[in-house]
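Reader: Please take a close look at the packing in this model. Keep it brisk and give me the cut-offs.

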Amino acid sequence: MEPSNPLAAAQETDRIVYADAEVSALHKSLASQLFHLVKKRDGKILKFERDKIVNAIFKAALSVGGDDRSIAERLADEVILQLFASRGAVLPGVEEILDAIEKVLIEHGHAKTAKAFILYRHERA
């Protein structure tokens, strides 16, 4: 019989377990509070719109056969969180957001979507 480790037992009981839906809701809630404005290419400052990131990711995914908008939602939140982690509350520019989208897509194993996004981005530039 192995000796009991009271510290490990206490740590085990203090662990909080969240369901995936709860984590997604917390993720979205946090991400949506981080940025309120964005600097456009022409220098104009406009309202930050999370849905524009979601739509860009989802359109790229659709072009390569993806069909799950909830994945685009989670990836968009990850983009926002990574931007904040790397820049703080500094006003993000459109190009920085687009770079972050590419990075998140690649890091999360969505290489085909990333390629479609990159090609679309270069066509629009």
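Author: What follows goes from the overall fold to the helix packing, and then to single residues and ring pairs.

The model is predicted: local features need pLDDT of at least 70, side-chain atom pairs count only at pLDDT 80 or more, and totals for chains, interfaces and linings use all residues. Residues are numbered from 1 along each chain as its sequence is written, and side-chain values use heavy atoms, with hydrogens and water left out.

Start with the layout. The protein has six helices and two strands. Helices here are DSSP runs of H or I with at least four residues, strands are runs of E with at least two, and both are numbered from the N terminus. From that end the elements read α-α-β-β-α-α-α-α. The protein has 125 residues, and 29% of them count as buried. Buried means under 20% relative accessible area, exposed means over 50%, and partly exposed lies in between (1.4 Å probe, protein chains only). Take contacts between residues at least 6 apart in sequence: 55% join residues at least 24 apart. Contact means heavy atoms within 4.5 Å.

Now the helix pairs. Helix H5 covers residues 94–107 and helix H6 covers residues 111–124; their axes come within 7 Å and cross at roughly 155 degrees. That makes H5 roughly antiparallel to H6. Axes are lines fitted to C-alpha atoms, for helices over the stretch in contact, and angles run from 0 to 180 degrees between N-to-C directions. Under 35 degrees counts as roughly parallel, over 145 as roughly antiparallel, 65 to 115 as roughly perpendicular, and the rest as oblique. The crossing of H5 and H6 is left-handed. A crossing is left-handed if the near helix is turned anticlockwise from the far one by less than a right angle, and right-handed if clockwise.

From H5, the contact uses Glu 95, Leu 98, Asp 99, Ile 101, Glu 102, Leu 105 and Ile 106. From H6 come Ala 111, Thr 113, Ala 114, Phe 117, Ile 118 and Arg 121. By class, the contact of H5 with H6 has eight nonpolar residues, one polar and four charged. Here Ala, Val, Leu, Ile, Met, Phe, Trp, Tyr, Cys and Pro count as nonpolar, Asp, Glu, Lys and Arg as charged, and the others, Gly among them, as polar.

Two H6 residues deserve a stop. Phe 117 is in helix H6. Phe 117 counts as buried, at 3% relative accessibility. Beyond neighbours within four places in sequence, Phe 117 contacts Ala 56, Ala 60, Leu 98, Ile 101, Glu 102 and Leu 105. Its C-alpha atom is 8.3 Å from that of Lys 59, 58 residues away along the chain. Arg 121 is also found in helix H6. At 13% relative accessibility, Arg 121 counts as buried. With the neighbours within four places set aside, its contacts are Glu 95, Leu 98, Asp 99 and Glu 102.

Next, H3 and H4. Their axes are 8 Å apart and pack at about 125 degrees. H3 and H4 are therefore oblique to each other. Their crossing is right-handed. Arg 50, Ile 53, Val 54, Asn 55, Ile 57 and Phe 58 of H3 meet Arg 69, Ala 72, Glu 73, Leu 75, Ala 76, Asp 77, Val 79 and Ile 80 of H4. This contact has nine nonpolar, one polar and four charged residues.

Ile 97 lies in helix H5. Ile 97 is buried, with 8% relative accessible area. Not counting residues up to four places away, Ile 97 touches Val 38, Phe 48, Ile 53, Val 79, Leu 83 and Pro 92. The C-alpha atoms of Ile 97 and Val 79 are 7.5 Å apart, with their positions 18 residues apart along the chain.

Last, the rings. Rings of Phe, Tyr and Trp (its six-membered ring) pair if their centres lie within 6.5 Å; planes under 30 degrees apart are stacked, over 60 edge-to-face, and the rest tilted. By this rule there are two aromatic pairs. Phe 35 and Phe 48 form a tilted pair, 5.7 Å centre to centre, with 45 degrees between the planes. Phe 35 sits in the loop between helix H2 (20–31) and strand E1 (37–39), and Phe 48 in the loop between strand E2 (45–47) and helix H3 (50–63), 13 residues apart. Both Phe 35 and Phe 48 are buried. Phe 35 and Phe 84 have ring centres 6.1 Å apart and planes at 70 degrees, so this pair is edge-to-face. Phe 84 lies in helix H4 (residues 69–87) and Phe 35 in the loop between H2 and E1, so the pair ties together parts 49 residues apart in sequence. Phe 35 has a relative accessible area of 5%, whereas Phe 84 is partly exposed at 31%. Phe 35, Phe 48 and Phe 84 form one aromatic cluster.
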